[in-house]
Amino acid sequence: MNLPDALLLAVLGFITAVWGYKLARLWVSLLSGIALGYVFYQYSSHELQAVLTPLVLFVIGFIVGAMIGFAIFRLAISLVAGFAIAQSLISAGLFVANETVLIVLTIVFAMILYAIVDKLLALVFVIGGAALFFIGLLAVQLPMIIVAILTLLIIVLGIYKNIRR
């Protein structure tokens with residue numbers, strides 16, 4: 001890896017470790033807003049487009065979609081992870097394989113995860129960003145002790161910034 005690529009990786013790792021969770025939530029809100037804005041724009045009736053310009057419809061859809069995306073971020077992640085855990089337990093033979101058990105387990109695990117998903121996701125972003133930072137600095141060929149200390153500082157800073165919110 002050449003020097004510019006290694007430095008870019010280290011910078012992206014720093015950004016991911018410190019602001020990754022907030023950026024992910026912002027990204028989900030932005031994409032939800034664009035998607036709903038497009039739906040409002042593209043699929044509104046001709047009568048409604050005559051009263052409101054398509055651009056106004058897009059803006060209304062964007063605002064509503066961004067608010068929905070921001071609000072359901074934790075819920076969506078909790079449901080997906082709850083389903084994955086429930087399906088894994090059923091596949092492992094720990095529970096009877098039927099739809100009712102799958103739904104109940106998904107809801108139970110989703111409720112548990114909903115309470116802690118913010119902290120877990122923040123931790124995932126901190127660890128992932130610190131790993132990118134570590135790899136980037138190793139590619140710069142700094143001494144291992146300096147890379148380890150800087151990475152540890154990034155982990156502490158990332159945890160502080162994400163837990164404090």
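1. A compact globule of 165 residues would have a radius of gyration near 15 Å, whereas this chain comes out at 22 Å. The model is a predicted one. Taken along the principal axes, the box that the C-alpha atoms fill is roughly 65 × 50 × 30 Å.

2. On secondary structure, the chain has six helices and zero strands. Read from the N terminus, the order of elements is therefore simply α-α-α-α-α-α.

3. Burial and surface come next. Of the 165 residues, 27% count as buried. The exposed area of the chain is about 10300 Å², and 80% of that area is supplied by carbon and sulfur atoms.

4. On contacts along the sequence, take the pairs of residues at least 6 apart: 71% of these contacts join residues at least 24 apart.

5. The charges are 7 positive and 4 negative. The mean position of the positive set lies 21 Å from the mean position of the negative set.

6. Helix α4 covers residues 73-91, which is 19 residues. Does its length come out as expected or not, and what is the span? At 1.5 Å a residue the helix should span 27 Å, and its end C-alpha atoms are 27 Å apart, so the two values agree. Just after α4, G93 has a positive phi of about 85°.

7. Which residues of α4 are buried? They are F73, S78, G82, A86 and I90. An α-helix has 3.6 residues a turn, so residues three or four places apart point the same way. The cover over the buried residues of α4 includes three other helices: α1 (3-43), α3 (54-71) and α5 (99-140).

8. L79 also sits in helix α4, but is not on the list of buried residues there. Is L79 buried, partly exposed or exposed? Its relative accessibility is 38%, and because buried means under 20% and exposed over 50%, L79 counts as partly exposed.

9. Leaving aside residues up to four places away in sequence, L79 touches T106 and A110. Both numbers fall within the range of α5 (99-140), one of the helices that cover the buried residues of α4. L113 is 34 residues from L79 along the chain, and the C-alpha atoms of L79 and L113 are separated by 8.3 Å.

Terms used: Residues numbered from 1 in each chain as written. Predicted model: local features only at pLDDT ≥ 70, side-chain atom pairs only at ≥ 80, totals over all residues. Heavy atoms only, no water. Helix = DSSP H or I, 4+ residues; strand = E, 2+ residues; numbered from the N terminus. Rg over C-alpha atoms; globule rule 2.2 N^0.38 Å. Buried < 20%, exposed > 50% of the residue type's maximum accessible area, 1.4 Å probe, protein only. Contact = heavy atoms within 4.5 Å. Areas by Shrake-Rupley, 256 points an atom, 1.4 Å probe, with all protein chains shown as cover. Lys, Arg positive; Asp, Glu negative; His and termini not counted. Charge placed at Lys NZ, Arg CZ, Asp CG, Glu CD. Expected span 1.5 Å × (residues − 1).
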